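Q: Please take a close look at one part of this model, the sheet and what packs on it. A connected account would be welcome.

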Amino acid sequence: MGKSDLYTEEESCRTTGGDTGALPARTSPSFINELAPGEVFVFGSNAQGMHGGGAALTAYLKFGAVWGNGEGLQGQSYAIPTMEGLDSTRQAVGRFTTFARDHSELKFLVTAVGCGIAGYRLEEIAPMFCDAARLDNVYLPAGFWKVLRRM
């Protein structure tokens, strides 16, 4: 699979400065099926670490997420609990941001955490990643960047 296959048509257009406006080069792809050494798949989880669906299941099956571990680095994945409410999610994103800042040798590919099974809107979650967006080693989904650019 080529790199162009990992991005949606809109993401490909926007990351190259297409007519919808340019996104930062640090945009995580919509489809992550493999990781290079040093890359980390960041996904939404629940506090119990029951990685049964969505990106959590992908993390469990492909990237070393540990069943029963709901937060932190696990193999080539990093879990952010999102099912326990917005306040809890905000605190977990803060811990992730600190971790990413302390581990500049790693490249964090953030999925749209909290916007799938947890059911939150991009506008609720993306602002939580404002500080993480300033880190050179954190790549955010296109939808997060769109929200952050409007702030």
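Across which strands does H2 lie, and at about what angle to E1 does H2 run?

A: The model is predicted: local features need pLDDT of at least 70 and side-chain atom pairs pLDDT 80 or more, while totals for chains, interfaces and linings use all residues. Residues are numbered from 1 along each chain as its sequence is written, and side-chain values use heavy atoms, with hydrogens and water left out.

H2 lies across E1 and strand E3 (77-81), running at about 135° to E1. Contact here means heavy atoms within 4.5 Å; axes are lines fitted to C-alpha atoms, for helices over the stretch in contact, and angles run from 0 to 180 degrees between N-to-C directions. Helices (H or I, at least four residues) and strands (E, at least two) are DSSP runs, numbered from the N terminus.

The sheet beneath this question is open and has 5 strands in the order E2-E3-E1-E4-E5, with mixed pairing. Its edge strands are E2 and strand E5 (138-139), each of which pairs on one side only. Two strands pair if DSSP finds at least two bridges between them. Strand E1 (residues 39-45) and strand E4 (residues 107-110) pair in the parallel sense over 4 bridges, and Val-42 has Val-110 in E4 as its bridge partner.

A side-chain link also joins these two strands. Lys-107 and Glu-39 meet in a salt bridge (3.4 Å, N to O), the term standing for a side-chain nitrogen of Lys or Arg within 4 Å of a carboxyl oxygen of Asp or Glu. The pair links distant parts of the chain, with Lys-107 in strand E4 and Glu-39 in strand E1, 68 residues apart. Lys-107 is partly exposed at 26% relative accessibility, whereas Glu-39 is buried at 15%; buried means under 20% relative accessible area, exposed over 50%, and partly exposed in between (1.4 Å probe, protein chains only).

Helix H3 (residues 86-102) lies across E1, E2, E3, E4 and E5, running at about 155° to E3. Within helix H3, Arg-90 and Asp-87 are 3 residues apart, about one turn of the helix, and their side chains meet in a salt bridge (3.3 Å, N to O). Arg-90 is partly exposed, with a relative accessible area of 44%.

After helix H2 (54-62), the loop leading to strand E2 (72-74) holds Trp-67, which is partly exposed at 43% relative accessible area.
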